[in-house]
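Colleague: Could we go through this structure together, one question at a time? I should like the reasoning as well as the result.

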Amino acid sequence: MRKIPIYSHPAAGWPALISSTQKLMDYQTFLRGGLSVFKSNQPQGGFDCPGCAWPDHKSHKSIDVCENGIKVIASETMTHKADADFFARHTVTELQEWSGYELEHSGRLSEPMYYDAAQDRYVPIPWEAAYSLIAEQLRQLGSPDEALFYTSGRVTNEPAFLYQLFVRCFGTNNLPDCSNMCHEPTSVMLSKQLGIGKATVMLEDFEQAKLILMFGQNPATNHPRMLEMLAHAHEQGCRIISINPMREQGLSKFRNPQKPTHMAAGQSDDMVDDVIQIQIGGDAALLTGIAKWLIENDKINHYFITTHTSGFKPLKQWLTAQTWEDITLGCGIPQTDIINLAKLVADSPATICTWGMGITQHVQGDDNVAMITNLLLLMGMIGIDGAGASPVRGHSNVQGDRTMGIHERPSKSLLDSLERVFERPMPQEHGYDVVTGAKALIAGQLKVFMGMGGNYAVAAPDTSAIEQALTTTQLNIFVGTKLNETMLYPGANNLILPCLGRTERIVTTKGEQFATIEDSMCQIVPTQGKLKPVSDTLKSEAQIVADIAVHVLGADSSIPWLAMSEDFDLIRDYIAQAINGFEDFNQRIRHSERGFHLYHAARHRVWNTESGKAQFEVPQYPITYVAAQMADAQGIDDENTTQNVTQKVWQLTSVRSHDQFNTMIFGFRDRYRQTNRRDVLFMHPDEISRLGWQKGDHIMVARQRAKDSSGQPRILGPLILTEMDIASNAVAAYYPECNDLFDLDTHAPDSHIPAYKSTTVTLERVNAGARIAEPA
C-alpha cells in the first residue's frame, strides 16, 4: 500500500500553542485558565495536571504541560456555571438530545441538584437533604451488593482511600473503576507474570534505552508530553519502532515548544524510525514471530531465564508449534520484516516495550500483554537500566486509585491490612467490575448507582442499554465537576453533587490542604490547586465521601470520617498504616520536591508471584484468532450481500480525536487526521478506490451476529467516509460515538476488558456521492 502523508507538519509547535490558546478562549477562561497553566505539574505548591498520567521530569520547567493538558485545564477552570438557572431553562429530556460537546461546554456544576420528575428538571437541594436521602436509600437495600460504586481516574489518592473504606464498611466490594475499561489486562497479566501490575521503568530509563517498541499508542494525541522523551531518546541514539495498524501522523517529527530554535527557526526532532503496520488485533501474532525467531536462533538470555523465570519450557513448546504461515496471517506482516524486527531486539542491550489501549482493549488483550512480558523476560529486560515494561495510563490517577484500594477484586493482604488498621471485618467476596456491573444493572439487580467522577454509561459498551437501566434504579448519585450524559437518565431518585476541581483550593477548618496522585511509573506526587473555587457551595471529594459515610454508617467514633476530611495528613497517616509502600507518607511527601517512587519489587528482580519467579505465559487464543473471526463472518456475509455492501468483512477499531480527552469532547478538530467532524469512518484510500467508493460517501456500519439488549441489530451511521493511513481490512471510528457497536459479552477472559479496539463489521454505502459540509 502507498503511504499517504495526510499531515506533513511536525507534532506540537505553533499549531499546538494556537489550539491551546483557542480552547482557553472557547471556555472563557483565558486569564484564570492561563495562569493555572503555569502551576500545572510544578513542584512546591503546584497541581498535577488532571489529564494523562505521564510522569513529570525531574528537571524544572516554568511551563510543563502539553496541549491536551491545557484543554483539560481550560475545561475545569471555566467560570460559566451549570447552576439552578441553567437547569431551570432546560428539561432533562431536552438535555438528553445534547451532544457530548454541548454538555461539556454547558458550565461547571456549582450546587447540589435533585431530579424532580414532575418538572422533568434538576432542582436545587441542600447538602444535608441530599445526604439524608442517600442514607435512607442505602439503608433500605436488601444487601449492600445491590449498590455499585464507580470511580474515575481523576480522583486523587486521599478521597479514593476514604471512598473504598466507606464502601467496604458499608459491606461490598462493588468498586469498578475506569481501569476495567483501559489497562485491566496490564494489571492482571503483569501481576501474574511479574508480581506487580505496574510499569517496571522510571522516566530516566527512556534516556538510556537503545530500543523502544511502541505498541498501540498515539502519544501525539493522548499523552503529548511523551513526545519530548521520545525525541530525546532518539537523539541519544535509541531506535524507536511504532507497531500500530495506523500510521499516526503526529509521531514522525516533534517541534518542541520549549525550544526557541524549534519555534523561531522551524526546526524539529525526529522520533519514530519505522512503523510496523500490523492488522488490527495482530499484536500477539507479531510478538510470537519475534519470540520464535529469538529462541530458534539462540538469541535469548539463558542466565536470566534459568535464574529468574518459570514456565519457559511450555512457552518454547508452544512457540515451536506455531507456523510462519499462521504468524504472518495473524499479524499481516511478512516473515522477513518480522525477522528484521527480531534482530533489532536481539542486538539491543536495553529495550523498553511501551503500550497503550491499542494493546489492551481486545478479546485477546490479556494475551497481548502476556506476549510483551514474555519478550522482555526472554531477553532479561526486567530489572536493568534503560529497559522494561512501560504501560502508559490514560488518566492522571487511575493507577493511584487502584493502589488506594479501588478494586472489585481486592487482594487478601489489602483486606487483612484494612481489618487490622480499622478493627472491623471487610467484605471478602469479589464485587462487580464495569462489565459485570453493567450487566447486573441492565438485569435489574442493582438499585443504587454512585459515580465518583466519570461518565460510566458513555465510557462503557452498550451505552443505550446502560442509560435505560439507570432509569430503573431507586437512587443514582453523581459526584463531578461537569455535566455529562450518564447524569441525564434518572431513576426514582437522582442526585448531582458538585465537587472542587484539581485546580481549586481545598480550605478546611484545619487550613489549606493538598492531595497526592500516582503517575504511570509509580511516582507519588503532591497536588495543590490555587484557584478560588468557582462556587462557594462546592465541597471536596473527601468531604463528600466523609459526609455520606457519617450519614449512612451512623455515629462511629472509631473511624474519624469528618476529621480526616478536614485534615488530609490524617488520611495519609491511615494510608501509611494500611497500604504497603507508604510508610512515613506525610514526611516523605513533604521533604521531596517531586514526591517519591514506590518500591517496585520486580524492578529489583524480586518476584512476588505464586512461583516466586517471573512467569512466562502461553497465550489463551490462537494467533490467527482475528483472521478466523473475519473468515467466519465472511461466510455469513456472502449469503446476504447487496449491491452497495462491500462483500467482505472488516475489523473496526475505536480511536480518540485530537480534540478530546476520554469521553470529554473539547471540539471537532482532529488536526493530525485532518477532519472537522466526528461522524466519520476512516479507511485507507487504496481500499476506497478498490471498492469504487469515494471520500465523502455515507457508510452504514453493522456488527455480525450481534444484537443489542432490545434484540435489534447493532448498526452505526451513516458515517462519512474519510481517508486514513490504516492497515488493509481495517476501518476506524470515533469513541465514544461507536460504543453501541460493542457489547458487554465480547471481552478478554481474565481481565474482562471490552473489545473496543477490535470488532468485526460489515459496511454498506448509502446515498452514494452525497456530501455534508464540515462544521466550521
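Colleague: Which residue just after α8 takes a positive phi?

Modeller: Please keep in mind that this is a predicted model. Helix α8 comprises residues 157-170. Just after α8, a positive phi of about 125° is found at G171.

Colleague: How many of the residues of α8 are buried?

Modeller: Helix α8 has 14 residues and reaches 20 Å from its first C-alpha to its last, close to the 20 Å expected. A residue counts as buried when its relative accessible area is under 20%. The helix is mostly covered, and the number of its buried residues is 14 of 14.

Colleague: Which helix gives the most to the largest nonpolar core?

Modeller: The largest nonpolar core has 68 residues, and those with the most contacts inside it include F161, F166 and L497. In soluble globular proteins, nonpolar side chains tend to be buried together. The helix that gives the most to this core, with nine residues, is α8.

Colleague: Where do the buried residues of α17 lie around its axis?

Modeller: The buried residues of α17 are I338, I339, L341, A342 and V345. They cover an arc of only 160° around the axis, which puts them on the same side of α17. On the other side, T336 and D347 are exposed. The position asked for is therefore one side of the helix, within an arc of 160°.

Colleague: Which elements do the buried residues of α17 pack against?

Modeller: Helix α17 spans residues 335-347. Its buried residues pack against both strands and helices: β7, β8, β11, α13, α16 and α19.

Colleague: Why are K23 and D26 separated by about one helical turn?

Modeller: K23 forms a salt bridge with D26, the closest N and O atoms being 3.9 Å apart. K23 is buried, with a relative accessible area of 7%, whereas D26 counts as partly exposed at 35%. An α-helix has 3.6 residues a turn, so residues three or four places apart point the same way. The separation of about one turn arises because K23 and D26 are three residues apart in helix α1.

Colleague: How many residues apart in sequence are the parts that R703 and D743 tie together?

Modeller: The side chains of R703 and D743 meet in a salt bridge of 2.9 Å, N to O. R703 lies in strand β28, while D743 lies in the loop between β30 and β31. R703 and D743 are both buried. The parts that this pair ties together are apart in sequence by 40 residues.

Key: Residues numbered from 1 in each chain as written. Predicted model: local features only at pLDDT ≥ 70, side-chain atom pairs only at ≥ 80, totals over all residues. Heavy atoms only, no water. Helix = DSSP H or I, 4+ residues; strand = E, 2+ residues; numbered from the N terminus. Expected span 1.5 Å × (residues − 1). Buried < 20%, exposed > 50% of the residue type's maximum accessible area, 1.4 Å probe, protein only. Arc of directions from axis to C-beta. Contact = heavy atoms within 4.5 Å. Core = buried A, V, L, I, M, F, W, Y, C linked by side-chain atoms within 4.5 Å. Salt bridge = Lys/Arg side-chain N within 4 Å of Asp/Glu carboxyl O.
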